[in-house]
Amino acid sequence: MRHTAAHLLAHAVIDLFGADVKLAIGPAIKDGFYYDFLKTTPFVPEDLPRIEARMNELILANLKMEGKPIERAAATRYYTERDQPFKLDILAGIPAGEPLTMYTIGDFTDLCRGGHVATSAEVGAVKLLSIAGAYWRGDEHNPMLQRIYGTAFPSQSELDAYLKQLAEAERRDHRKLGKELELFSIEEEAGPGLIFWHPKGGTIRRLIEDWLRAELIRRGYDMVYTPHVMRLALWQTSGHTGFYKQNMFGPLEVEHDRYQLKPMNCPGHILIYKSRLRSYRELPVRLAELGTVYRYERSGVLHGLLRVRGFTQDDAHIFCTPAQIEREIEDCVEFAWEVLRVFGFDRYEVELSARDPNRPGDYAGTNEEWEQAEHALKSTLDRMKVAYKYIPGEAVFYGPKIDVKLVDAIGRPWQLTTVQFDFNLPRRFELSYVAEDGSQKTPLMVHRALLGSVERFFGVLIEHYAGAFPVWLAPIQAAVLPITDEQLEYARGLQAQLREAGFRAEVDASNERLQKKIRNQQMQKVPYMLVVGKSEVAAGTVNVRSRSGEQTSMPMTDFLAKLAADTAARR
């Protein structure tokens, strides 16, 4: 249905703008579709209602979708006559001998493999959503095209429900909330994809990291720190310059030697393991680091905190024996469940990513090693009775992986946690341990990140809670609001009590009216506001207003106990 809607989008654009438009591709995607165009005079948002109206006319016309095979020469001639260079480029990339088909709906014909509804009337309800830039074939050296995004549903009611969810997602957008709540910024002077953590955002980050470090130590991990830049030769040994080069920044020249900003933490942890000979009695060795890495992401895909160029991974690498591997993987998965519980996520999806057997050159290792690794992951998930989706072709180059996608408050899945099996790097770096029989053997290695990256996890948290963080994570847990300056001294005394008890509090000492003070704190999504006037000073109490609107009066000792309970329970 959505694939056919993409054809109707191109049909409408050609109807309205004619020969001024060059066509590229128009696939269906999750929840919608898009089509890429090159237009001499770029599209503007005001064009979308006109295009959408024309699409609805085509839908009402109940046009039949018909496909016919075509010879390559005829297809080439068709697009040459119409001066469609991107279609000719697509044709040139299709292997010789592969069947070609052209699909026609109304007056519009397009090269396509198929997968359509029978008539335009079956497309249902459509909505064009936005215009974005997109390089042809995703290469910044190619022309910049314009991508028109849309969605389609069988009925208007389903479309309306989806648009309502989109509006809710926009309200929760972490980029907008990050600015309004003064959590973080991206400074153009410094460069795109680089995050500046402001005091409030920094407070939340510290709370996240403090909890994680304590939990890591409790679970038997050792915390380490590794340099941000290391010799290029290290990354040649690891294989990253071969398999991952397109995502790495260029090397640095220092004293006739070449260095590399690290895109991963694993080689650093490997060198720590390798610094001395290990015994089987020491294994497993679990090394953890909140390590900042740098990756070259194209500017077109950067997106707030969710896709950046510099970020901190909660990385861990576990070196173990074959007999220990499944237990270590199970512990990693259980650790992931604890992260979800603590930070308020009760839904998730699990994927097991394997290699593509038809592309062995994309992966390191032998068939036997891959079979062993995939079996270990699958066996662990089966034993834990975890439902998962098996996805061939999505493994990383050094081994298969388990990915846990949390589902947020409005039903969106987010890829964060990953547990990856690696038999490749231990061999490349000639790692070993002394086995029980005195021989030297190669350890197995598990890569594990639970938050994924602190930045991405924080962005998801902002959107999950719409900026209204639970009390234990809120950068300001309580704001004291004196009605007049006469209560200012009392208010500062309450703030001192709160801080002495370990809570984060501020006093609004502005000369604004009380309602404006309350409104300001609500906009900042502060969990509790303590309103103090003459009666509160006289009675030694506080008037507590929650951000949900509840209001009650109580002694300060009672409020401190309530705040302590909320924080301890992570409500």
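Trainee: Which residues do ring pairs link into a cluster?

Mentor: This is a predicted model, in which local features need pLDDT of at least 70, side-chain atom pairs count only at pLDDT 80 or more, and totals for chains, interfaces and linings use all residues. Residues are numbered from 1 along each chain as its sequence is written, and side-chain values use heavy atoms, with hydrogens and water left out. Rings of Phe, Tyr and Trp (its six-membered ring) pair if their centres lie within 6.5 Å; planes under 30 degrees apart count as stacked, over 60 as edge-to-face and the rest as tilted. The cluster linked by such pairs consists of Trp211, Phe343, Phe345, Phe457 and Trp472.

Trainee: How many aromatic pairs does the structure hold, and how far apart in sequence are the parts tied together by Trp337 and Tyr348?

Mentor: The structure holds 20 aromatic pairs. Trp337 and Tyr348 form a stacked one, at 4.4 Å centre to centre and 25° between the planes. Trp337 lies in helix 11 and Tyr348 in strand 18 (residues 347-354), where helices (H or I, at least four residues) and strands (E, at least two) are DSSP runs numbered from the N terminus. The parts that this pair ties together are therefore apart in sequence by 11 residues.

Trainee: Is Trp370 buried or exposed?

Mentor: Trp370 forms an edge-to-face pair with Phe423, at 5.8 Å centre to centre and 80° between the planes. Buried means under 20% relative accessible area, exposed over 50%, and partly exposed in between (1.4 Å probe, protein chains only). Phe423 counts as buried at 5% relative accessibility. Trp370 has a relative accessible area of 0%, so Trp370 is buried.

Trainee: Which helix gives the most to the largest nonpolar core?

Mentor: A nonpolar core is a set of buried Ala, Val, Leu, Ile, Met, Phe, Trp, Tyr and Cys residues joined through side-chain atoms within 4.5 Å. The largest one has 65 residues, and those touching the most other members are Ile329, Phe343, Ile402, Phe421, Phe457 and Leu473. With nine residues, the top contributor to this core is helix 11 (residues 325-342).

Trainee: What is the relative accessible area of Leu252?

Mentor: Leu252 is found in strand 13 (residues 252-254). Together with Val229 and Val254, Leu252 forms a nonpolar patch on the surface. Leu252 is partly exposed, because its relative accessible area is 40%.

Terms used:
Patch = residues over 30% accessible without salt bridge, like charges linked within 9 Å, V, L, I, M, F, W, Y side chains within 5 Å. Areas by Shrake-Rupley, 256 points an atom, 1.4 Å probe, with all protein chains shown as cover. Salt bridge = Lys/Arg side-chain N within 4 Å of Asp/Glu carboxyl O.
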